[in-house]
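Trainee: I would like to check some labels against their definitions. Can we start with which residues face each other across a strand pair?

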Amino acid sequence: MQNIKDYVEANKDRFLEELFELLRFPSVSADPQFKEGVLNTAEFVAQKLKDAGADNVEICPTAGYPIVYGEKIFDPSLPTVLVYGHYDVQPADPIELWETPPFEPTVRDGKIYARGAADDKGQFYMHVKAFEYMMKNNALACNVKFMIEGEEEVGSANLGIFVSANKERLKADVIVISDTSMISLESPSLETGLRGLSYVEVEVTGPNRDLHSGVYGGAVGNPATILAKMIASLHDENNHITIPGFYDDVLELTEAERKALNEAPFDIETYEEDLGVQELWGEKGFTTIERTGIRPTLEVNGIWGGYIGEGAKTVLPSKAFAKISMRLVPNQNSERITKLFKDHFEAIAPKSVKVEVKPHHGGEPVVTPTDSIAYKAAEKALEETFNKKPIPTRGGGSIPIVALFEKELGIKTVLLGFGLDSDNLHSPNEKYGIENYLKGIETIPLFHKYYAEMSR
């Protein structure tokens with residue numbers, strides 16, 4: 001442990017500067033104008049894997065953005081760890097809400113502010129630097145493979161094709177992903193599950209053109225008003241989702257399981273203060289921890305229609321739109337939920353409008369075993385780094401490829417995340433603690449060490 005700490009301390013300035021360089025690439029996979037930035041990021045990642053000592057480093061083309069692959073197989077008799085991460089990031093919009101430019105990393109109060117700092121550049125790059133340490137100090141305890149993709153933020157549409165075509169190449173004993181969070185540096189934790197996702201876009205069309213709201217208002221259905229009413233009807237007075245059949249397959253936790261989940265430290269006043277709200281909102285009968293980890297949700301991610309420019313324009317819009325995401329829990333299926341949503345939303349539409357539901361992407365919920373060798377190795381590594389046993393938690397986000405890996409490769413995943421829920425993921429002023437970054441680099445070699453020892 002001391003050797004790792006000494007190496008990190010001696011190289012931390014370089015580790016940070018390399019991360020800053022990675023963060024300066026505007027690798028926004030959702031926006032074609034950033035194509036060059038995404039491709040340049042892949043080149044950078046490949047070079048850093050080579051510099052760290054990886055063999056067979058390749059930028060693998062797909063129908064979209066490439067996947068960066070590298071490996072170090074030094075003893076086939078030892079276990080193999082497959083590291084997954086993604087180098088693409090969310091759009092930085094709205095830019096005006098950033099205190100400093102999103103692609104010019106800035107350190108404030110011990111935190112790195114930049115788009116992708118925690119999701120997922122800062123987290124996957126910990127593995128590259130930990131691998132560098134293990135290579136330079138003859139401390140590599142497991143064979144290692146890296147698969148870093150560039151389309152996670154747009155649904156990983158081409159990853160399944162790559163995985164299916166490269167099963168032998170990707171053969172491993174465990175997958176490690178650092179794209180999740182822990183409770184805090186004072187209360188380290190390990191996520192034992194993730195919610196699934198169904199993401200749709202809806203379009204509501206009324207008249208065949210925008211209309212003068214004085215001439216036609218009151219006589220023609222307004223798509224914006226109707227869309228708002230339809231969306232509002234998707235929750236009842238208890239904030240329970242009203243789509244028929246939505247909860248049919250939800251796996252309910254036992255009272256003992258719920259009690260254990262709620263033993264994680266949580267201060268509601270601090271939570272509200274951090275978010276700038278006076279009161280929380282959610283499904284009646286469940287705690288905040290339960291609402292964000294073990295319960296399904298339906299949220300509006302964006303809604304628009306009509307005139308939204310400066311000044312006034314009295315218009316009755318022809319169309320209104322919304323993007324809606326549903327987080328799913330174990331036993332729910334994303335395709336079934338998408339169909340239930342589509343059927344219901346079309347059924348509740350009045351005849352004054354036409355409704356189209358466009359499915360985007362989805363993924364399945366997963367639960368990772370806490371009795372596996374890999375989980376116990378991660379638990380022991382975190383306990384040694386933080387001097388405290390990590391708390392098992394359930395993650396509210398989605399990483400659809402976890403279920404994909406299990407289906408295609410038959411491999412379980414360990415969610416070894418070092419971010420915090422307060423890191424502003426997908427929001428302006430995304431950040432990642434310098435201590436979190438360095439602690440991750442210290443912990444990862446210990447995971448490899450204990451995983452190899454426990455696998456004997």
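Mentor: Glycine 305 stands opposite alanine 320 in strand 14. This is a predicted model, in which local features need pLDDT of at least 70 and side-chain atom pairs count only at pLDDT 80 or more, while totals for chains, interfaces and linings use all residues. Residues are numbered from 1 along each chain as its sequence is written, and side-chain values use heavy atoms, without hydrogens or water.

Trainee: What makes strand 12 and strand 14 a pair?

Mentor: Pairing requires at least two bridges found by DSSP. Strand 12 and strand 14 (residues 319–328) have eight, in the antiparallel sense, so they count as paired. Strands here are DSSP runs of E with at least two residues, helices are runs of H or I with at least four, and both are numbered from the N terminus.

Trainee: Why are strand 12 and strand 15 called edge strands?

Mentor: In the open four-stranded sheet the order is 12-14-10-15, with antiparallel pairing. Strand 12 (297–305) and strand 15 each pair on one side only. Neighbouring strands in this sheet are turned by 15° against each other on average, direction ignored.

Trainee: How do you know how helix 10 is directed relative to strand 15?

Mentor: Axes are lines fitted to C-alpha atoms, for helices over the stretch in contact, and angles run from 0 to 180 degrees between N-to-C directions. Helix 10 makes about 165° with strand 15. Angles under 35 degrees count as roughly parallel, over 145 as roughly antiparallel, 65 to 115 as roughly perpendicular and the rest as oblique, so helix 10 is roughly antiparallel to strand 15. Helix 10 touches strand 10, strand 12, strand 14 and strand 15, contact being heavy atoms within 4.5 Å. Helix 6 (residues 223–232) lies across these four strands too, at about 15° to strand 14.

Trainee: What is the relative direction of helix 2 and helix 3 called, and why?

Mentor: The axes of helix 2 (residues 35–52) and helix 3 come within 9 Å and cross at roughly 20°, and that makes the two helices roughly parallel. Their contact includes Phe44 and Leu49 from helix 2, and Phe124 and Val128 from helix 3. By class, the contact residues are nine nonpolar, one polar and three charged; Ala, Val, Leu, Ile, Met, Phe, Trp, Tyr, Cys and Pro count as nonpolar, Asp, Glu, Lys and Arg as charged, and the others, Gly among them, as polar.

Trainee: Why is one side of strand 4 left without a neighbour in its sheet?

Mentor: Three strands form that open sheet, in the order 4-5-20 with antiparallel pairing. Strand 4 (106–108) and strand 20 (431–433) each have a single partner strand, so one side of each stays without a neighbour.
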